[in-house]
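Biologist: Before we discuss individual terms, please show me the model. I should then like to know what stands behind each label.

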Amino acid sequence: MSGTSGIEGKVIAITGASSGIGEATAIHLAARGARLVLGARREERLNAVVAAIAAQGGTATGVVVDVTRREDLRRLTDTAVDRYGRLDVLVSNAGTMAVSPFDDLRQDDWDAMVATHITGLLNGIGAALPVFRRQRAGHFVNVGSTAAYVVKSPQAVYAATKTAVKVITEGLRQESGPDLRVTLVSPGFTNTEGVGKGGSPEAAEALARQRDEIAMPPSAIASAIGYAVEQPEGVDVSEIVVRPTVQA
Ligand code: NDP
């Protein structure tokens, strides 16, 4: 079935589904009967997630996707429509937390965060919006960060790009009209391999240490996303912020 409420039967595409929050979200939604199209760059990791879902009796397809490439997002949404006849939800989750102080001049990392979080999100909107308009139904779920609410050094570029995610999501919501739903889910510290990955060694180490002390499991975000998706038609959960209780 492809109802517009609940999770069962919904066709849901998720970017950044090869690990962490995306993987946990895929597993959460698959267990509740969603049909999934999962995108990320690491094919082996993606295949492992697809296989784990299939082993539990769920339905998932993997598509190798780099969100910074427009045509890759189109391939992700086309796969949903070709295989399952529709696309109900796009979860734009792919991200990179390559944080560092400005003086380190890690400009490739700055570019990657801009490309992944801003261009990547826009590529998802460009691919899914026409499908949603045609269907007169659809749901954008965009993964932001508490970094967009509280800026901490040395996370300025990361925080700026996540602030862009927040702003784009709110603007999209205002333009979405009565048929579409738009949700921002902003996680605080979550226990994933991505925390600080690719950043300066000092920043990565500090973040990993903090993660190991205070982070919540990625299932906390998966269930927040599930909550937004399972609402009845006409109910839009616009924004959810989820933090570990100990996070300032
Ligand atoms: P992970 O590193 O585990 O997950 C990131 C995912 O994004 C991976 O699946 C990665 O897969 C994918 N990805 C990265 N770049 C690209 C790209 N260019 N194209 C396609 N996929 C890409 O970390 P998290 O699960 O923690 O991160 C998920 C999201 O949650 C991110 O947007 C992050 O900013 C956000 N977040 C995380 C927090 C945390 O504390 N963990 C806190 C707040 C927000 P692959 O490398 O295979 O492409």
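Modeller: L105 is a suitable start, as it is exposed with a relative accessible area of 56%. This is a predicted model, in which local features need pLDDT of at least 70 and side-chain atom pairs count only at pLDDT 80 or more, while totals for chains, interfaces and linings use all residues. Residues are numbered from 1 along each chain as its sequence is written, and side-chain values use heavy atoms, with hydrogens and water left out.

Biologist: Why is L105 called exposed?

Modeller: Exposed means over 50% relative accessible area, buried under 20%, and partly exposed in between, with a 1.4 Å probe and protein chains only. L105 has 56%, so the residue counts as exposed.

Biologist: Where is L105 found, and what marks its phi?

Modeller: L105 is found in the loop between strand 4 (89-92) and helix 4. Helices (H or I, at least four residues) and strands (E, at least two) are DSSP runs, numbered from the N terminus. Phi of L105 is near 50°, a positive value in a residue other than glycine. Most residues other than glycine have a negative phi, and most peptide bonds are trans. R136, in the loop between helix 4 and strand 5, also has a positive phi, near 60°. At 60% relative accessibility, R136 counts as exposed.

Biologist: Why is R133 called partly exposed?

Modeller: R133, in helix 4, has 40% relative accessibility, which lies between the two cut-offs, so the residue counts as partly exposed. Its C-alpha atom is separated by 8.1 Å from that of L180, 47 residues apart along the chain.

Biologist: Why is G20 called buried?

Modeller: The relative accessible area of G20 is 18%, which is under 20%, so the residue is buried. G20 belongs to helix 1 (residues 20-31). G20 and T192 are 172 residues apart in sequence, with their C-alpha atoms 4.9 Å apart in space.

Biologist: What makes F102 and W110 an edge-to-face pair?

Modeller: A pair of aromatic rings is described by the distance of the centres and the angle of the planes. Rings of Phe, Tyr and Trp (its six-membered ring) pair if their centres lie within 6.5 Å; planes under 30 degrees apart count as stacked, over 60 as edge-to-face and the rest as tilted. By this rule there are two aromatic pairs. For F102 and W110 the centres are 5.6 Å apart and the planes stand at 65°, so the pair is edge-to-face. W110 counts as buried, at 18% relative accessibility.

Biologist: Why is the pair of F132 and F140 edge-to-face?

Modeller: Their ring centres are 4.8 Å apart and their planes are at 70°, so this pair is edge-to-face. F132 counts as buried at 0% relative accessibility, and F140 is buried with a relative accessible area of 0%.

Biologist: How do you know that there are cavities, and how many are found?

Modeller: On a 1 Å grid over the protein atoms alone, a cavity is a set of points where a 1.4 Å probe fits but cannot get out, and lining residues have an atom within 4 Å of a point. Grid points are joined across faces, edges and corners, and a volume is the space filled by probe spheres set on the points. A search of the whole structure finds two cavities of 30 Å³ or more. The largest cavity has a volume of about 110 Å³, and the second largest about 40 Å³.

Biologist: What lines the largest cavity?

Modeller: Its lining residues include T15, S92, N93, H117 and K162. Helix 4 gives the largest share, four residues.

Biologist: What classes make up the two linings?

Modeller: Ala, Val, Leu, Ile, Met, Phe, Trp, Tyr, Cys and Pro count as nonpolar, Asp, Glu, Lys and Arg as charged, and the others, Gly among them, as polar. The lining of the largest cavity has five nonpolar, six polar and one charged residues. That of the second largest has eight nonpolar, two polar and no charged residues. Among the residues lining the second largest cavity are F102, W110 and P154. The peptide bond from S153 to P154 is cis, with omega near 5°.

Technical notes:
1 Å grid on protein atoms, 1.4 Å probe; cavity = no way out; pocket = protein on both sides within 12 Å on 5 of 7 lines; lining within 4 Å.
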